[in-house]
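Colleague: Please take a close look at a single part of this model and describe it in one connected account. Kindly explain each term where it first appears.

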Amino acid sequence: MRVLVLGGDGFCGWPTSLYLSDRGHDITIIDNLSRRKIDVELEVDSLTPIRPISERIAVWRQVSGRDVGFISLDLATEYDRLVAVLEDIRPEAIVHFAEQRAAPYSMRSTHTKRYTVDNNVRATHNLLTALVQTGLDVSLVHLGTMGVYGYGWSGSAPIPEGYLTVKVPTPDGELEREILHPANPGSVYHMTKTLDQLMFAFYAKNDGLRITDLHQGIVWGTQTDQTSRDERLINRFDYDGDYGTVLNRFLMQAAIGHPLTVHGTGGQTRAFIHIRDTARCVEIAVTNPPEDDKVRVLNQMTETHRLLDLAKMVADAMGAEIAYLPNPRVEAEENELIVRNDQFLALGLNPTTLSEGLLEEGRDVAARYRHRADPTKIIARSVWRAGMETADDLMTEVPDQP
Ligand code: NAD
Ligand code: USQ
(Lines give C-alpha, C1' and ligand atoms only; values in the text may rest on other atoms or scores of the structure.)
(Ligands and ions follow the chains in the order given, each with its own letter.)
Protein backbone atom coordinates (compact mmCIF):
# COMPACT_ATOMS: atom_id res chain seq x y z
CA MET A 1 0.00 0.00 0.00
CA ARG A 2 1.02 3.63 -0.47
CA VAL A 3 1.19 4.91 3.12
CA LEU A 4 1.87 8.42 4.42
CA VAL A 5 3.33 8.39 7.93
CA LEU A 6 2.73 11.74 9.63
CA GLY A 7 5.23 12.23 12.47
CA GLY A 8 7.45 9.50 11.02
CA ASP A 9 10.65 10.90 12.56
CA GLY A 10 9.39 10.36 16.12
CA PHE A 11 9.76 7.60 18.70
CA CYS A 12 6.81 5.55 17.42
CA GLY A 13 6.75 6.87 13.85
CA TRP A 14 10.33 6.01 12.83
CA PRO A 15 10.27 2.29 13.75
CA THR A 16 6.74 1.98 12.36
CA SER A 17 7.82 3.55 9.05
CA LEU A 18 10.71 1.08 8.74
CA TYR A 19 8.52 -1.87 9.74
CA LEU A 20 5.90 -0.98 7.12
CA SER A 21 8.63 -0.39 4.51
CA ASP A 22 10.18 -3.77 5.34
CA ARG A 23 6.76 -5.38 4.92
CA GLY A 24 6.61 -4.06 1.35
CA HIS A 25 4.55 -0.90 1.80
CA ASP A 26 5.53 2.26 -0.05
CA ILE A 27 6.25 4.84 2.68
CA THR A 28 6.49 8.63 2.67
CA ILE A 29 7.17 10.39 5.98
CA ILE A 30 5.82 13.86 6.72
CA ASP A 31 7.34 15.58 9.75
CA ASN A 32 8.20 19.17 10.73
CA LEU A 33 10.98 17.95 13.05
CA SER A 34 9.37 19.89 15.94
CA ARG A 35 10.26 17.10 18.36
CA ARG A 36 13.97 17.57 17.65
CA LYS A 37 13.52 21.35 18.13
CA ILE A 38 11.83 20.83 21.52
CA ASP A 39 14.91 18.85 22.62
CA VAL A 40 16.98 21.94 21.80
CA GLU A 41 14.54 24.14 23.75
CA LEU A 42 14.66 21.83 26.79
CA GLU A 43 18.44 21.37 26.45
CA VAL A 44 18.10 17.59 26.42
CA ASP A 45 18.92 14.92 23.90
CA SER A 46 17.79 11.38 23.19
CA LEU A 47 19.88 8.92 25.22
CA THR A 48 20.53 7.11 21.96
CA PRO A 49 22.44 9.00 19.25
CA ILE A 50 19.71 9.54 16.66
CA ARG A 51 20.87 10.66 13.21
CA PRO A 52 19.39 13.39 11.01
CA ILE A 53 16.37 12.21 9.03
CA SER A 54 18.17 12.34 5.65
CA GLU A 55 20.93 10.08 6.98
CA ARG A 56 18.40 7.70 8.55
CA ILE A 57 16.65 7.34 5.20
CA ALA A 58 19.91 6.92 3.24
CA VAL A 59 21.09 4.18 5.63
CA TRP A 60 17.72 2.39 5.38
CA ARG A 61 18.12 2.40 1.58
CA GLN A 62 21.61 0.88 1.95
CA VAL A 63 20.56 -1.90 4.34
CA SER A 64 17.15 -2.74 2.86
CA GLY A 65 17.29 -1.59 -0.76
CA ARG A 66 14.02 0.24 -0.15
CA ASP A 67 13.19 3.92 -0.57
CA VAL A 68 11.34 5.92 2.07
CA GLY A 69 10.27 9.44 1.08
CA PHE A 70 10.51 12.46 3.38
CA ILE A 71 8.62 15.77 3.24
CA SER A 72 9.25 18.52 5.78
CA LEU A 73 5.81 19.98 6.42
CA ASP A 74 3.95 21.46 9.40
CA LEU A 75 0.46 19.95 9.44
CA ALA A 76 -0.85 22.67 11.74
CA THR A 77 0.23 25.66 9.63
CA GLU A 78 0.87 24.57 6.02
CA TYR A 79 -2.59 23.58 4.86
CA ASP A 80 -2.21 24.29 1.13
CA ARG A 81 1.02 22.32 0.95
CA LEU A 82 -0.68 19.44 2.73
CA VAL A 83 -3.46 19.37 0.13
CA ALA A 84 -0.86 19.49 -2.69
CA VAL A 85 1.10 16.60 -1.15
CA LEU A 86 -2.04 14.50 -0.77
CA GLU A 87 -3.00 15.14 -4.40
CA ASP A 88 0.50 14.29 -5.56
CA ILE A 89 1.06 11.09 -3.54
CA ARG A 90 -2.56 9.89 -3.47
CA PRO A 91 -1.99 7.64 -0.43
CA GLU A 92 -4.17 4.61 0.23
CA ALA A 93 -3.57 4.90 3.97
CA ILE A 94 -2.37 7.59 6.37
CA VAL A 95 -0.94 6.97 9.82
CA HIS A 96 -1.16 10.07 12.02
CA PHE A 97 1.44 10.23 14.81
CA ALA A 98 2.15 13.97 14.38
CA GLU A 99 1.19 15.64 17.66
CA GLN A 100 2.92 17.07 20.72
CA ARG A 101 2.71 14.00 22.90
CA ALA A 102 4.15 14.72 26.35
CA ALA A 103 1.68 15.38 29.17
CA PRO A 104 4.33 17.10 31.37
CA TYR A 105 5.45 19.35 28.48
CA SER A 106 1.82 20.28 27.82
CA MET A 107 1.46 21.38 31.48
CA ARG A 108 4.80 23.18 31.72
CA SER A 109 3.59 26.74 31.07
CA THR A 110 0.81 28.79 29.52
CA HIS A 111 2.85 28.82 26.32
CA THR A 112 3.17 25.02 26.12
CA LYS A 113 -0.53 24.53 26.92
CA ARG A 114 -1.45 26.82 24.03
CA TYR A 115 1.15 25.30 21.72
CA THR A 116 -0.09 21.76 22.42
CA VAL A 117 -3.72 22.64 21.71
CA ASP A 118 -2.89 24.76 18.64
CA ASN A 119 -0.54 22.17 17.21
CA ASN A 120 -2.53 19.01 17.89
CA VAL A 121 -6.06 20.19 17.21
CA ARG A 122 -5.11 22.14 14.08
CA ALA A 123 -2.95 19.31 12.73
CA THR A 124 -5.77 16.80 13.07
CA HIS A 125 -8.45 19.15 11.78
CA ASN A 126 -6.34 20.25 8.79
CA LEU A 127 -5.82 16.63 7.89
CA LEU A 128 -9.54 15.86 8.06
CA THR A 129 -10.57 18.85 5.95
CA ALA A 130 -7.79 18.11 3.45
CA LEU A 131 -9.14 14.57 3.06
CA VAL A 132 -12.64 15.93 2.46
CA GLN A 133 -11.35 18.59 0.02
CA THR A 134 -9.29 16.12 -2.05
CA GLY A 135 -11.96 13.42 -1.97
CA LEU A 136 -9.29 10.73 -1.69
CA ASP A 137 -10.37 7.25 -0.69
CA VAL A 138 -7.99 6.83 2.26
CA SER A 139 -8.01 4.82 5.43
CA LEU A 140 -6.84 7.10 8.27
CA VAL A 141 -5.24 5.52 11.33
CA HIS A 142 -4.66 7.88 14.26
CA LEU A 143 -2.57 7.31 17.36
CA GLY A 144 -4.73 8.23 20.30
CA THR A 145 -4.20 7.33 23.92
CA MET A 146 -5.57 5.20 26.75
CA GLY A 147 -5.54 8.45 28.75
CA VAL A 148 -8.75 9.63 27.04
CA TYR A 149 -10.65 7.28 29.35
CA GLY A 150 -8.94 8.62 32.46
CA TYR A 151 -8.04 6.45 35.42
CA GLY A 152 -10.27 5.07 38.11
CA TRP A 153 -13.51 6.41 36.63
CA SER A 154 -15.09 3.00 36.22
CA GLY A 155 -13.54 1.25 39.22
CA SER A 156 -12.91 -2.38 38.39
CA ALA A 157 -15.15 -2.46 35.29
CA PRO A 158 -13.12 -3.28 32.16
CA ILE A 159 -12.51 -0.33 29.83
CA PRO A 160 -14.33 -1.06 26.58
CA GLU A 161 -12.93 -0.25 23.12
CA GLY A 162 -14.07 3.32 22.63
CA TYR A 163 -17.82 2.98 23.12
CA LEU A 164 -20.09 2.38 26.06
CA THR A 165 -23.68 1.17 26.01
CA VAL A 166 -25.80 3.26 28.38
CA LYS A 167 -29.44 3.17 29.44
CA VAL A 168 -31.34 6.45 29.03
CA PRO A 169 -34.53 6.85 31.09
CA THR A 170 -37.68 7.66 29.04
CA PRO A 171 -41.29 8.33 30.20
CA ASP A 172 -42.14 4.70 29.30
CA GLY A 173 -39.04 2.92 30.50
CA GLU A 174 -35.55 3.19 29.08
CA LEU A 175 -33.61 3.24 25.83
CA GLU A 176 -30.21 1.71 25.14
CA ARG A 177 -27.70 3.96 23.41
CA GLU A 178 -24.09 3.51 22.39
CA ILE A 179 -21.99 6.57 23.21
CA LEU A 180 -18.29 7.45 23.07
CA HIS A 181 -16.82 6.48 26.44
CA PRO A 182 -16.84 9.63 28.60
CA ALA A 183 -13.64 11.60 28.21
CA ASN A 184 -11.64 12.20 31.37
CA PRO A 185 -8.28 13.72 30.39
CA GLY A 186 -5.54 14.23 32.98
CA SER A 187 -3.48 16.86 31.12
CA VAL A 188 -3.82 19.38 28.30
CA TYR A 189 -2.09 16.90 26.03
CA HIS A 190 -4.61 14.17 26.88
CA MET A 191 -7.39 16.73 26.41
CA THR A 192 -6.28 17.29 22.79
CA LYS A 193 -6.71 13.57 22.17
CA THR A 194 -10.27 13.73 23.48
CA LEU A 195 -10.94 16.63 21.09
CA ASP A 196 -9.49 14.55 18.25
CA GLN A 197 -12.10 11.88 19.04
CA LEU A 198 -14.96 14.31 18.52
CA MET A 199 -13.54 15.55 15.24
CA PHE A 200 -13.20 11.98 14.01
CA ALA A 201 -16.78 11.15 14.98
CA PHE A 202 -18.05 14.21 13.11
CA TYR A 203 -16.08 13.72 9.88
CA ALA A 204 -16.83 10.00 9.78
CA LYS A 205 -20.57 10.68 10.16
CA ASN A 206 -20.75 13.76 7.95
CA ASP A 207 -18.26 12.96 5.19
CA GLY A 208 -17.94 9.20 5.41
CA LEU A 209 -14.20 9.30 6.20
CA ARG A 210 -12.85 5.89 7.20
CA ILE A 211 -11.05 6.35 10.50
CA THR A 212 -9.43 4.08 13.06
CA ASP A 213 -8.45 5.60 16.41
CA LEU A 214 -5.87 3.58 18.31
CA HIS A 215 -6.06 4.17 22.04
CA GLN A 216 -2.49 3.33 22.82
CA GLY A 217 -0.94 2.68 26.23
CA ILE A 218 2.54 3.78 27.34
CA VAL A 219 5.12 2.59 24.84
CA TRP A 220 8.33 1.09 26.15
CA GLY A 221 11.45 -0.43 24.57
CA THR A 222 13.65 1.15 21.93
CA GLN A 223 14.64 -1.11 19.10
CA THR A 224 12.81 -3.17 16.52
CA ASP A 225 14.20 -5.71 14.04
CA GLN A 226 14.54 -2.88 11.55
CA THR A 227 16.09 -0.12 13.71
CA SER A 228 18.68 -2.55 15.07
CA ARG A 229 20.07 -3.37 11.61
CA ASP A 230 22.52 -0.46 11.74
CA GLU A 231 23.43 1.84 14.63
CA ARG A 232 22.58 4.83 12.45
CA LEU A 233 18.94 3.64 12.35
CA ILE A 234 18.63 3.62 16.15
CA ASN A 235 15.35 4.81 17.61
CA ARG A 236 15.12 7.73 20.03
CA PHE A 237 15.14 7.07 23.80
CA ASP A 238 13.67 9.89 25.88
CA TYR A 239 14.58 9.93 29.57
CA ASP A 240 14.05 13.56 30.63
CA GLY A 241 11.30 14.66 33.04
CA ASP A 242 9.01 15.84 30.25
CA TYR A 243 9.30 13.30 27.44
CA GLY A 244 10.72 10.21 29.15
CA THR A 245 7.99 7.66 29.78
CA VAL A 246 7.97 5.76 33.01
CA LEU A 247 9.36 2.30 32.21
CA ASN A 248 12.14 3.50 29.91
CA ARG A 249 12.99 6.12 32.55
CA PHE A 250 13.30 3.42 35.23
CA LEU A 251 15.56 1.34 32.98
CA MET A 252 17.79 4.32 32.23
CA GLN A 253 17.86 5.46 35.85
CA ALA A 254 18.91 1.99 37.01
CA ALA A 255 21.62 1.89 34.33
CA ILE A 256 23.24 5.11 35.62
CA GLY A 257 22.74 4.35 39.33
CA HIS A 258 19.98 6.97 39.88
CA PRO A 259 17.18 6.04 42.31
CA LEU A 260 13.97 5.13 40.47
CA THR A 261 11.66 8.15 40.47
CA VAL A 262 8.30 6.81 41.64
CA HIS A 263 5.67 9.60 41.81
CA GLY A 264 3.73 9.35 45.07
CA THR A 265 3.13 5.82 46.29
CA GLY A 266 3.43 4.19 42.86
CA GLY A 267 -0.13 2.88 43.16
CA GLN A 268 -1.02 4.18 39.68
CA THR A 269 -1.84 1.38 37.25
CA ARG A 270 -1.20 2.01 33.57
CA ALA A 271 -1.41 0.13 30.26
CA PHE A 272 1.77 -0.70 28.34
CA ILE A 273 2.85 -1.85 24.91
CA HIS A 274 6.28 -2.60 23.46
CA ILE A 275 7.43 -0.52 20.50
CA ARG A 276 7.53 -3.67 18.30
CA ASP A 277 3.84 -4.22 18.94
CA THR A 278 3.09 -0.57 18.15
CA ALA A 279 4.43 -1.16 14.63
CA ARG A 280 2.57 -4.48 14.28
CA CYS A 281 -0.71 -3.01 15.49
CA VAL A 282 -0.46 -0.10 13.07
CA GLU A 283 -0.02 -2.48 10.15
CA ILE A 284 -3.00 -4.54 11.32
CA ALA A 285 -5.08 -1.36 11.55
CA VAL A 286 -3.94 -0.06 8.15
CA THR A 287 -4.79 -3.32 6.42
CA ASN A 288 -8.15 -3.76 8.21
CA PRO A 289 -9.98 -0.44 7.72
CA PRO A 290 -13.47 0.03 9.14
CA GLU A 291 -16.23 -0.98 6.79
CA ASP A 292 -18.71 1.75 7.69
CA ASP A 293 -18.75 5.39 8.80
CA LYS A 294 -18.41 4.62 12.49
CA VAL A 295 -14.93 5.40 13.83
CA ARG A 296 -13.27 2.14 14.75
CA VAL A 297 -11.60 2.35 18.17
CA LEU A 298 -9.05 -0.25 19.20
CA ASN A 299 -7.28 -0.33 22.55
CA GLN A 300 -3.63 -0.69 21.60
CA MET A 301 -2.05 -2.13 24.73
CA THR A 302 -0.89 -5.55 25.76
CA GLU A 303 -0.62 -5.52 29.58
CA THR A 304 -1.27 -3.37 32.65
CA HIS A 305 1.07 -2.84 35.57
CA ARG A 306 1.14 -0.94 38.83
CA LEU A 307 4.08 1.47 38.72
CA LEU A 308 5.52 0.30 42.01
CA ASP A 309 5.56 -3.30 40.75
CA LEU A 310 7.47 -2.13 37.68
CA ALA A 311 9.92 -0.18 39.82
CA LYS A 312 10.49 -3.23 42.03
CA MET A 313 10.98 -5.44 38.98
CA VAL A 314 13.63 -3.10 37.57
CA ALA A 315 15.21 -2.54 41.01
CA ASP A 316 15.50 -6.30 41.63
CA ALA A 317 16.91 -6.99 38.16
CA MET A 318 19.42 -4.15 38.19
CA GLY A 319 20.14 -3.49 41.85
CA ALA A 320 18.61 0.01 41.94
CA GLU A 321 17.00 1.91 44.82
CA ILE A 322 13.51 3.41 44.74
CA ALA A 323 12.84 7.08 45.58
CA TYR A 324 9.25 7.99 46.47
CA LEU A 325 8.89 11.55 45.15
CA PRO A 326 6.01 13.97 45.70
CA ASN A 327 3.77 13.60 42.66
CA PRO A 328 4.05 16.66 40.36
CA ARG A 329 0.81 15.65 38.57
CA VAL A 330 -2.82 15.86 39.51
CA GLU A 331 -3.79 12.19 39.31
CA ALA A 332 -5.31 9.47 41.47
CA GLU A 333 -2.73 7.99 43.83
CA GLU A 334 -4.03 4.52 43.12
CA ASN A 335 -6.31 3.04 40.51
CA GLU A 336 -7.37 -0.25 39.06
CA LEU A 337 -7.19 -0.77 35.32
CA ILE A 338 -8.64 -3.62 33.31
CA VAL A 339 -8.65 -3.00 29.57
CA ARG A 340 -10.31 -4.88 26.74
CA ASN A 341 -8.12 -5.41 23.69
CA ASP A 342 -10.15 -8.20 22.06
CA GLN A 343 -10.12 -6.62 18.62
CA PHE A 344 -6.34 -6.66 18.12
CA LEU A 345 -6.13 -10.17 19.51
CA ALA A 346 -8.86 -11.26 17.07
CA LEU A 347 -7.01 -9.54 14.22
CA GLY A 348 -3.90 -11.62 14.94
CA LEU A 349 -1.76 -9.64 17.42
CA ASN A 350 0.53 -11.92 19.38
CA PRO A 351 1.55 -9.65 22.27
CA THR A 352 5.13 -9.11 23.38
CA THR A 353 5.21 -9.05 27.17
CA LEU A 354 7.58 -7.70 29.79
CA SER A 355 8.50 -11.20 30.82
CA GLU A 356 10.03 -12.04 27.44
CA GLY A 357 13.55 -10.78 28.05
CA LEU A 358 12.86 -7.42 26.48
CA LEU A 359 13.62 -5.67 29.76
CA GLU A 360 17.19 -6.80 29.14
CA GLU A 361 17.13 -5.19 25.70
CA GLY A 362 16.06 -1.92 27.33
CA ARG A 363 18.65 -2.31 30.03
CA ASP A 364 21.40 -2.99 27.46
CA VAL A 365 20.47 0.06 25.39
CA ALA A 366 20.36 2.23 28.51
CA ALA A 367 23.68 0.86 29.77
CA ARG A 368 25.39 1.20 26.40
CA TYR A 369 24.56 4.91 26.09
CA ARG A 370 24.59 5.91 29.74
CA HIS A 371 27.60 8.19 29.12
CA ARG A 372 25.21 10.42 27.12
CA ALA A 373 22.84 10.94 30.08
CA ASP A 374 22.50 14.31 31.81
CA PRO A 375 21.34 13.43 35.37
CA THR A 376 20.11 17.01 35.95
CA LYS A 377 17.33 16.41 33.42
CA ILE A 378 15.82 13.39 35.16
CA ILE A 379 13.54 14.86 37.85
CA ALA A 380 10.17 15.98 36.44
CA ARG A 381 10.11 19.80 36.62
CA SER A 382 6.63 20.34 35.21
CA VAL A 383 4.29 20.69 38.19
CA TRP A 384 0.58 20.89 37.55
CA ARG A 385 -0.79 21.03 41.07
CA ALA A 386 -2.54 24.24 42.08
CA GLY A 387 -0.38 26.43 44.28
CA MET A 388 2.81 24.66 43.23
CA GLU A 389 4.89 26.32 40.60
CA THR A 390 8.20 24.56 40.60
CA ALA A 391 9.65 21.22 41.47
CA ASP A 392 11.35 22.93 44.43
CA ASP A 393 7.92 23.83 45.92
CA LEU A 394 7.02 20.18 45.61
CA MET A 395 10.14 18.89 47.31
CA THR A 396 9.03 20.49 50.59
CA GLU A 397 6.40 17.74 50.81
CA VAL A 398 7.18 14.35 52.24
CA PRO A 399 5.10 11.72 50.46
CA ASP A 400 3.62 8.69 52.18
CA GLN A 401 5.54 5.52 51.50
CA PRO A 402 3.57 2.39 50.72
P1 NAD B 1 7.19 11.92 19.18
O2 NAD B 1 7.10 13.30 19.73
O3 NAD B 1 8.47 11.17 19.34
O4 NAD B 1 6.81 11.94 17.61
C5 NAD B 1 5.86 12.80 17.05
C6 NAD B 1 6.41 13.32 15.73
O7 NAD B 1 5.44 14.18 15.14
C8 NAD B 1 7.70 14.12 15.91
O9 NAD B 1 8.69 13.64 15.05
C10 NAD B 1 7.29 15.55 15.60
O11 NAD B 1 8.34 16.30 15.01
C12 NAD B 1 6.11 15.36 14.66
N13 NAD B 1 5.13 16.46 14.69
C14 NAD B 1 4.51 17.01 15.77
N15 NAD B 1 3.70 18.01 15.38
C16 NAD B 1 3.78 18.09 14.02
C17 NAD B 1 3.19 18.93 13.05
N18 NAD B 1 2.36 19.92 13.39
N19 NAD B 1 3.47 18.72 11.73
C20 NAD B 1 4.34 17.73 11.39
N21 NAD B 1 4.95 16.92 12.26
C22 NAD B 1 4.67 17.10 13.57
O23 NAD B 1 5.98 11.10 19.81
P24 NAD B 1 5.75 9.51 19.82
O25 NAD B 1 6.12 9.01 21.15
O26 NAD B 1 6.33 8.89 18.61
O27 NAD B 1 4.15 9.48 19.73
C28 NAD B 1 3.52 9.44 18.45
C29 NAD B 1 2.01 9.46 18.63
O30 NAD B 1 1.61 8.34 19.41
C31 NAD B 1 1.53 10.71 19.37
O32 NAD B 1 0.38 11.20 18.75
C33 NAD B 1 1.23 10.21 20.77
O34 NAD B 1 0.18 10.96 21.32
C35 NAD B 1 0.84 8.77 20.53
N36 NAD B 1 1.17 7.93 21.69
C37 NAD B 1 2.45 7.82 22.14
C38 NAD B 1 2.74 7.01 23.25
C39 NAD B 1 4.12 6.87 23.83
O40 NAD B 1 4.27 6.24 24.88
N41 NAD B 1 5.17 7.41 23.19
C42 NAD B 1 1.69 6.32 23.86
C43 NAD B 1 0.39 6.45 23.39
C44 NAD B 1 0.14 7.26 22.28
N1 USQ C 1 5.63 8.42 36.56
C2 USQ C 1 6.39 8.09 37.66
N3 USQ C 1 7.73 8.33 37.59
C4 USQ C 1 8.32 8.86 36.49
C5 USQ C 1 7.53 9.17 35.37
C6 USQ C 1 6.17 8.94 35.44
O7 USQ C 1 5.91 7.60 38.69
O8 USQ C 1 9.54 9.04 36.52
C9 USQ C 1 4.17 8.16 36.60
C10 USQ C 1 3.30 9.33 36.25
O11 USQ C 1 3.02 10.14 37.39
C12 USQ C 1 2.07 8.62 35.68
C13 USQ C 1 2.64 7.38 35.01
O14 USQ C 1 3.93 7.19 35.58
O15 USQ C 1 1.26 8.17 36.72
C16 USQ C 1 2.76 7.45 33.51
O17 USQ C 1 3.58 8.55 33.14
P18 USQ C 1 4.29 8.56 31.71
O19 USQ C 1 5.05 9.84 31.59
O20 USQ C 1 5.04 7.28 31.51
O21 USQ C 1 3.04 8.49 30.70
P22 USQ C 1 1.96 9.57 30.30
O23 USQ C 1 2.22 10.91 30.85
O24 USQ C 1 0.63 8.98 30.62
O25 USQ C 1 2.14 9.70 28.74
C26 USQ C 1 2.68 8.66 27.92
C27 USQ C 1 3.00 9.28 26.57
C28 USQ C 1 1.72 9.80 25.93
C29 USQ C 1 0.70 8.67 25.85
C30 USQ C 1 0.45 8.04 27.23
C31 USQ C 1 -0.37 6.78 27.12
O32 USQ C 1 3.95 10.34 26.73
O33 USQ C 1 2.01 10.27 24.62
O34 USQ C 1 -0.51 9.15 25.36
O35 USQ C 1 1.73 7.62 27.77
S36 USQ C 1 -1.45 6.59 28.50
O37 USQ C 1 -0.69 6.78 29.73
O38 USQ C 1 -1.97 5.25 28.41
O39 USQ C 1 -2.46 7.61 28.36
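**The surroundings of ligand 2**

Modeller: A polar side-chain atom of Arg 270 lies 3.4 Å from an oxygen atom of ligand 2; a polar contact here is a pair of N or O atoms within 3.5 Å. The model is predicted, so local features need pLDDT of at least 70 and side-chain atom pairs count only at pLDDT 80 or more, while totals for chains, interfaces and linings use all residues. Residues are numbered from 1 along each chain as its sequence is written, chains are lettered from A and ligands numbered from 1 in the order in which they are written, and side-chain values use heavy atoms, with hydrogens and water left out.

Two further polar contacts involve oxygen atoms of ligand 2. Tyr 151 offers a polar side-chain atom at 3.2 Å, and a polar backbone atom of Gly 147 stands at 2.8 Å. The protein covers 95% of the 740 Å² of accessible area that ligand 2 has on its own; such areas come from the Shrake-Rupley method with a 1.4 Å probe.

The shell around ligand 2 holds 24 residues, of which Thr 145, Tyr 189, Val 246, Thr 261 and Glu 331 come nearest; a residue counts if one of its heavy atoms lies within 4 Å. By class, the shell divides into 8 nonpolar, 11 polar and 5 charged residues (Ala, Val, Leu, Ile, Met, Phe, Trp, Tyr, Cys and Pro are nonpolar, Asp, Glu, Lys and Arg charged, and the others, Gly among them, polar).

Helix H7, helix H8 (246–256) and strand E10 (260–263) each supply at least two residues of this shell. Helices (H or I, at least four residues) and strands (E, at least two) are DSSP runs, numbered from the N terminus. Strand E10 gives the most, with 3 residues. Helix H7 (188–207) also supplies at least two residues of the shell around ligand 1, and Tyr 189 is among the closest residues to ligand 1.

The account may be extended to strand E11, which spans residues 269–274. An open sheet of 3 strands has the order E9-E11-E13, with mixed pairing; two strands pair if DSSP finds at least two bridges between them. Strands E9 (218–220) and E13 (303–306) are at the edges with a single partner each, so one side of each lacks a neighbour in the sheet. Strand E11 runs antiparallel to E13, and 4 bridges join them; in E13, Thr 304 is the bridge partner of Ala 271.

Notes. Polar contact = N/O pair within 3.5 Å; in protein donor to acceptor, adjacent residues only side chain to side chain.
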